[in-house]
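Welcome, and please have the chain open in your viewer while you read. The notes below walk through it one region at a time.

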Amino acid sequence: MVKELRVRMGERAQEAPLLAGAIARVGSATVISPLELIRTKLQSQKQSYRELTNCIRSAVQTEGWWSLWRGLGPTLLRDVPFSAMYWYNYEWAKTWLCQWCNTTEPTFTITFISGAGSGSVSISDPLSRSTI
């Protein structure tokens with residue numbers, strides 16, 4: 001996804017990881033949100049997985065299909081900035097370390113350091129540390 005975005009973004013290609021991270025997080029959170037809601041309901045009501053269909057059916061009948069995505073907005077507000085910053089910083093650090101080490105392909109050490117550094121910097125986002 002990042003490579004395709006870099007081609008399409010032209011002069012702003014360096015920002016492709018930022019956009020790719022945000023898009024990926026929106027997609028994954030949208031898919032996972034109903035599952036997280038159901039899991040939380042099952043745990044809070046001390047139900048078993050056998051009662052899963054009843055839980056889903058009850059939520060949909062009383063509040064509609066959109067009720068399965070309740071809480072998606074705050075989740076996106078928390079997760080999208082973190083993911084966008086993480087992937088931007090990761091790609092930047094990986095490129096910089098490759099240049100510094102005079103290599104064209106990142107090694108395990110380069111990717112590890114890039115990921116650890118990016119995660120450390122991105123977690124400074126106050127929304128990523130709060131529970132909304």
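What follows is a short tour of a helix pair, a nonpolar core and a few single residues.

Please keep in mind from the start that this is a predicted model.

**The pairing of α4 and α5**

Let us begin with two helices that pack against each other. Helix α4 covers residues 72-100 and helix α5 covers residues 108-122; their axes come within 8 Å and cross at roughly 145°. This crossing is right-handed. On the α4 side, the residues that take part are Phe82, Met85, Tyr86, Asn89, Tyr90, Ala93, Lys94, Leu97 and Cys98. Their partners in α5 are Ile110, Thr111, Ile113, Ser114, Gly115, Ser118, Gly119, Val121 and Ser122. Sorted by character, the contact has 10 nonpolar, 7 polar and 1 charged residue.

Lysine 94, a member of α4, deserves a closer look. Is lysine 94 buried or exposed? Its relative accessibility is 18%, and because the cut-off for buried is under 20%, lysine 94 counts as buried. Setting aside neighbours within four places in sequence, lysine 94 is in contact with Pro106, Ile110, Thr111 and Ser114. Of these, Ile110, Thr111 and Ser114 are also listed on the α5 side of the helix contact.

Across the pair, isoleucine 113 sits in helix α5. Its relative accessibility of 44% makes isoleucine 113 partly exposed. Between isoleucine 113 and phenylalanine 82 there are 18 Å in space, C-alpha to C-alpha, and 31 residues in sequence.

**The end of α4 and the loop after it**

Tryptophan 100 belongs to helix α4. With 60% relative accessibility, tryptophan 100 counts as exposed. Its C-alpha atom is 16 Å from that of glycine 117, which is 17 residues away along the chain.

Asparagine 102 is in the loop between α4 and α5. What is notable about the phi of asparagine 102? The angle is near 55°, a positive value in a residue other than glycine. Asparagine 102 is also exposed, because its relative accessibility is 71% and the cut-off for exposed is over 50%.

**The nonpolar core**

Which residues make up the largest nonpolar core? There are 6 of them: Ile38, Leu42, Cys55, Ala59, Val60 and Leu68. Helices α2 (16-44) and α3 (52-63) each give two or more residues to this core. The largest share, 3 residues, comes from α3. One core member, alanine 59, touches Lys41, Gly64, Ser67 and Leu68 when residues up to four places away in sequence are not counted. Leu68 is thus both a touching partner of alanine 59 and a member of the core.

**The start of the chain and the annotated repeat**

Alanine 13 lies in the loop between α1 (2-9) and α2. At 18% relative accessibility, alanine 13 counts as buried. The C-alpha atoms of alanine 13 and lysine 3 are 9.0 Å apart, with their positions 10 residues apart along the chain.

An unreviewed UniProt entry places the feature "repeat: Solcar" at residues 12-96. In the model, the end C-alpha atoms of this span lie 18 Å apart, and the span is 78% helix and 0% strand.

**Accessibility side by side**

Here are the single residues from this tour, set out together.

| Residue | Relative accessibility | Class |
|---|---|---|
| Alanine 13 | 18% | buried |
| Lysine 94 | 18% | buried |
| Tryptophan 100 | 60% | exposed |
| Asparagine 102 | 71% | exposed |
| Isoleucine 113 | 44% | partly exposed |

Terms used. Residues are numbered from 1 along each chain as its sequence is written. This is a predicted model: local features need pLDDT of at least 70, side-chain atom pairs count only at pLDDT 80 or more; totals for chains, interfaces and linings use all residues. Side-chain values use heavy atoms; hydrogens and water are left out. Axes are lines fitted to C-alpha atoms, for helices over the stretch in contact, and angles run from 0 to 180 degrees between N-to-C directions. Helices (H or I, at least four residues) and strands (E, at least two) are DSSP runs, numbered from the N terminus. A crossing is left-handed if the near helix is turned anticlockwise from the far one by less than a right angle, and right-handed if clockwise. Contact means heavy atoms within 4.5 Å. Ala, Val, Leu, Ile, Met, Phe, Trp, Tyr, Cys and Pro count as nonpolar, Asp, Glu, Lys and Arg as charged, and the others, Gly among them, as polar. A nonpolar core is a set of buried Ala, Val, Leu, Ile, Met, Phe, Trp, Tyr and Cys residues joined through side-chain atoms within 4.5 Å. Buried means under 20% relative accessible area, exposed over 50%, partly exposed in between (1.4 Å probe, protein chains only). UniProt positions are given in the numbering used here, feature names are shortened, and annotations may be inferred rather than shown by experiment.
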